Amino acid sequence: MRLPDPALVVLVGASGAGKSTWAQQHYRAEEVVSSDGLRGVVGSGPYDLDASADAFTLLDTIVAARLGRGLTTVVDTLGLDAERRRAWRAAARAAGLPAVAVLVATEAAECRRRNAARDRPVPAPALTAQLGKVREVGHELGVEGWDLVVPVADTTAPPPATPAPSPVPRADRTSSLGLRTVLQVSRFPWGDDPLAWLGGVARAADEAGFAGLALMDHLIQIPQVGRAWEPIPEPWVTLGALSGLGTGLELGTLCTPVTFRPAGVTAKAAATLSALTGGRAFVGIGAGWWEREHAAYGLPFPTAKERLDELERAIVTMRALWAKGTKAYDGDGVVLPETTGYPRPAGPVAVVVGGSGERRTLRIAARLGDACNLRTGEAEVVRHKVGVLHEHCAAVGRDPAEVAVTVLDLPVVGRDRDDVWRRVERHRGRTAAPAYAARTHAGTVADHRDRWAALAGEGVSTVFLATRDLDGPDDVLALAGLNA
Ligand code: CTP
Ligand code: MG
């Protein structure tokens, strides 16, 4: 079970119940505020009961300060004082955070055994009194106004391990969640050996069970990802290099703007890539959005309407050139005197229409795409957009089953809670950490699997995954659990 996060988490349990151990297993050290710890800060040590008043004054200050910033705070005390619990709940309410009580109701005998084994055991009568009080408080918690009361059983069981990465990709590269994951590479910190870096990343993606690898198609690195002087290679050339590695990855762009190349030239590039990979090419295609790169490279940047019109014509043109034969094409505003295109694609080239625009882009996806690509990781957003997509399908007479739902997810993924937080701190800029963490769904592989299960439930078949932290093969291998 996953607790709300960020949240106030108040532990309740007798000495030796395992409160501090549980907190340590589930939270970062900085998130846990402990009365014992603070006795050690303002007193002679954790057992300096004379320092209790000062320790609790500090504790309340810290709790209020952290909650006020929207930061998860775990209160590690006995938790047996109703008035203190009420005050902490009020602080959570004031901060707009959920208040969770965690009842660590370990068997009395086990508490006694652990207590006895300690350096400075609590006197037996005191422990007995605590155990009685814990039973009472256990009944009160349900009516005190907590958002959630979580009983934690004896925590002697080992902490749950993160799912083991699948050592060998499944044949269909579909995870047990029913999802395929395509790694979108958007940053290229390749040092002085670009090809070695690219090869390392692609082989790692193959090994980690990704279904494919997608490259951004931009002429200048976009500010959302990096600095303008950082390398952003031409994707079709780069995909050509990746096609020679012998991986089983599907290869393509996400997304090629229709403004960069005439559609026929994109069709040619994709057909060539399909031939080189034995049919594992796809084309993500969109209307383009970044005026600056067009101006810099001398490309026209027409109005949104014209670009969307072109998006339609581009898909029609590509399909005409990929189709069997060489006959003339005339339809959908596209007139081609012949459609001579060799090499032919070695398999179907999936056209993934990028963008969530409800009036036109999703209509284009419904009419002409093999898939739409929604830039979101939120199940509710997906539900709404899929509703719109399916309305368009009905309007144009397309079977919705023919239009796959894919998303572009840009999460922060960490190896554990500490690592997640380090990454959030590294990238958040001036955004407050809790807001950045929420926006990027910052979490471990296990957290993201929960979220992706909800996406799968909304009909998503493929997640294009882009993480800001992708520095090399090790970062890719660390994502393997997402594909298990
Ligand atoms: N312990 C254990 N197995 C667990 C949990 C705890 O063996 N599953 C041990 C710890 O290593 C420690 C003792 O039991 O030596 C007490 O655990 P702790 O988490 O410190 O208990 P607390 O509830 O925090 O006790 P206190 O109120 O005294 O801080
Ligand atoms: Mg403790």
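Biologist: Which element gives the largest share of the lining of the second largest pocket?

Modeller: This is a predicted model, in which local features need pLDDT of at least 70 and side-chain atom pairs count only at pLDDT 80 or more, while totals for chains, interfaces and linings use all residues. Residues are numbered from 1 along each chain as written, chains are lettered from A and ligands numbered from 1 in the order written, and side-chain values use heavy atoms, without hydrogens or water. A pocket is an open set of points on a 1 Å grid where a 1.4 Å probe fits, with protein on both sides within 12 Å along at least five of seven lines, and its lining residues have an atom within 4 Å of a point. Four residues, the largest share of this lining, come from β8.

Biologist: How far does helix α13 reach from its first C-alpha to its last?

Modeller: Helix α13, a DSSP run (H or I, at least four residues), has 18 residues, numbered 379-396. The expected span, 1.5 Å times one less than the number of residues, is 26 Å. Close to that value, α13 reaches 25 Å.

Biologist: Which residue just after α13 takes a positive phi?

Modeller: Helix α13 covers residues 379-396. Just after α13, a positive phi of about 75° is taken by Gly397.

Biologist: How far is the sulfur of Cys393 from the closest cysteine sulfur?

Modeller: Cys393 is among the buried residues of α13, with a relative accessible area of 0% (buried means under 20%, with a 1.4 Å probe and protein chains only). A disulfide is a pair of cysteine sulfur atoms within 2.5 Å, and the count comes to zero. The closest sulfur, in Cys372, is too far for a bond because the separation is 8.7 Å.

Terms used
Helices (H or I, at least four residues) and strands (E, at least two) are DSSP runs, numbered from the N terminus. Buried means under 20% relative accessible area, exposed over 50%, partly exposed in between (1.4 Å probe, protein chains only).
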